[in-house]
Amino acid sequence: MVPAKIDYEDIGRQIRKFRTEQHMRQKDLASRLDVEAPHISHIENAQTQLSLPTFVSIANALEVTSDDLLCGSLVAKTNAPNNEVAKILEDCSPEECRVLINCLKEHKRFLRTLTTQK
């Protein structure tokens, strides 16, 4: 069994990333969790190790999954994007799947040409 190493710095970065994407201040997140804003700062800067209940409360307040916050600490990376595509395709006919997969491949190719042009 691989001993778990929790990367609190990465968790803090992820929390900050999702919080700022939602234009939420530390004070706003703190009030949702009924904690003080400095506590959120300490978590985001890995100056404190957050408890599991706090971790779950933060994930819920930010409306993200635990995988989203733990990505740097997980040995097996999540397949969330694959799961989302599978959900979209689950009720499609074989022909619909083929067409949608081809569209996805073309969009991917197009996006990559845009990023190489920058």
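Display the chain as a cartoon: seven helices appear, and zero strands. The model is a predicted one. Followed from the N terminus, the elements run α-α-α-α-α-α-α. The chain has 118 residues, of which 23% count as buried. Its accessible surface comes to about 8,800 Å², and carbon and sulfur atoms account for 55% of that area. For contacts between residues at least 6 apart in sequence, 59% join residues at least 24 apart.

**First stop: the nonpolar core**

Select Ile15, Leu29, Leu50, Ile58, Leu62 and Leu69, which have the most contacts inside the largest nonpolar core, a set of 18 residues. Colour next the elements that give two or more residues to this core, namely α1, α2, α3, α4 and α5 (66-70). Helix α4 gives the most, with five residues.

Keep Leu29 in view and show its surroundings. Leaving aside neighbours within four places in sequence, Leu29 is in contact with Ile15, Arg19, Met24, Ile40, Ala61 and Leu62.

**Second stop: helix α2**

Select residues 26-33, the extent of α2. Its buried residues are Leu29, Ala30 and Leu33. Look down the axis of α2: these buried residues fall within an arc of 100°, so they line one face of the helix. They pack against α1, α3 and α4. Rotate to the face turned away from the buried side, where the exposed residues Lys27, Ser31 and Arg32 are carried. Just after α2, select Asp34, which takes a positive phi of about 60°.

**Third stop: helix α3**

Move on to α3, residues 37-44, where the buried residues are Ile40, Ile43 and Glu44. Viewed down the axis of α3, they lie within an arc of 95° and so line one face of the helix. Among the elements that cover them are α1, α2 and α4 (52-62). Following α3 is Ala46, whose phi is positive, near 55°. Leave Glu44 selected for the next stop.

**Fourth stop: salt bridges of helix α1**

Side chains of opposite charge can pair when their charged atoms come close. Six salt bridges are found in the whole structure, and the tour visits some of them here.

Which side chain meets that of Glu44 in a salt bridge at 3.5 Å, N to O? The partner is Arg16. This pair links distant parts of the chain, with Arg16 in helix α1 and Glu44 in helix α3, 28 residues apart. Arg16 is partly exposed, with a relative accessible area of 27%, whereas Glu44 is buried, at 2%.

Add Arg19 to the selection. Its side chain also meets that of Glu44 in a salt bridge, at 2.6 Å, N to O. Arg19 lies in helix α1 and Glu44 in helix α3, so this pair ties together parts that are 25 residues apart in sequence. Arg19 is buried, with a relative accessible area of 7%. Through shared partners, the salt bridges join Arg16, Arg19 and Glu44 into one network.

Now select Asp10 and Arg13, whose side chains meet in a salt bridge at 3.6 Å, N to O. The two residues are three apart in helix α1, and are therefore separated by about one helical turn. Is Asp10 buried or exposed? Asp10 counts as buried, at 12% relative accessibility, while Arg13, at 43%, counts as partly exposed.

**Fifth stop: Gln14**

Stay in helix α1, residues 8-21, and select Gln14. Gln14 is buried, with a relative accessible area of 12%. Residues up to four places away in sequence not being counted, Gln14 touches Asp68, Leu69 and Cys71. One of these, Leu69, belongs to the core residues selected at the first stop.

**Last stop: a nonpolar patch on the surface**

Finally, turn to helix α7, residues 94-117, and locate Leu111. Leu111 is exposed, with a relative accessible area of 52%. Add Phe110 and Leu114 to the selection and switch to a surface display: with Leu111 they form a nonpolar patch on the surface. Together the three have about 280 Å² of accessible area.

How values were computed: Residues numbered from 1 in each chain as written. Predicted model: local features only at pLDDT ≥ 70, side-chain atom pairs only at ≥ 80, totals over all residues. Heavy atoms only, no water. Patch = residues over 30% accessible without salt bridge, like charges linked within 9 Å, V, L, I, M, F, W, Y side chains within 5 Å. Areas by Shrake-Rupley, 256 points an atom, 1.4 Å probe, with all protein chains shown as cover. Salt bridge = Lys/Arg side-chain N within 4 Å of Asp/Glu carboxyl O. Helix = DSSP H or I, 4+ residues; strand = E, 2+ residues; numbered from the N terminus. Buried < 20%, exposed > 50% of the residue type's maximum accessible area, 1.4 Å probe, protein only. Contact = heavy atoms within 4.5 Å. Arc of directions from axis to C-beta. Core = buried A, V, L, I, M, F, W, Y, C linked by side-chain atoms within 4.5 Å.
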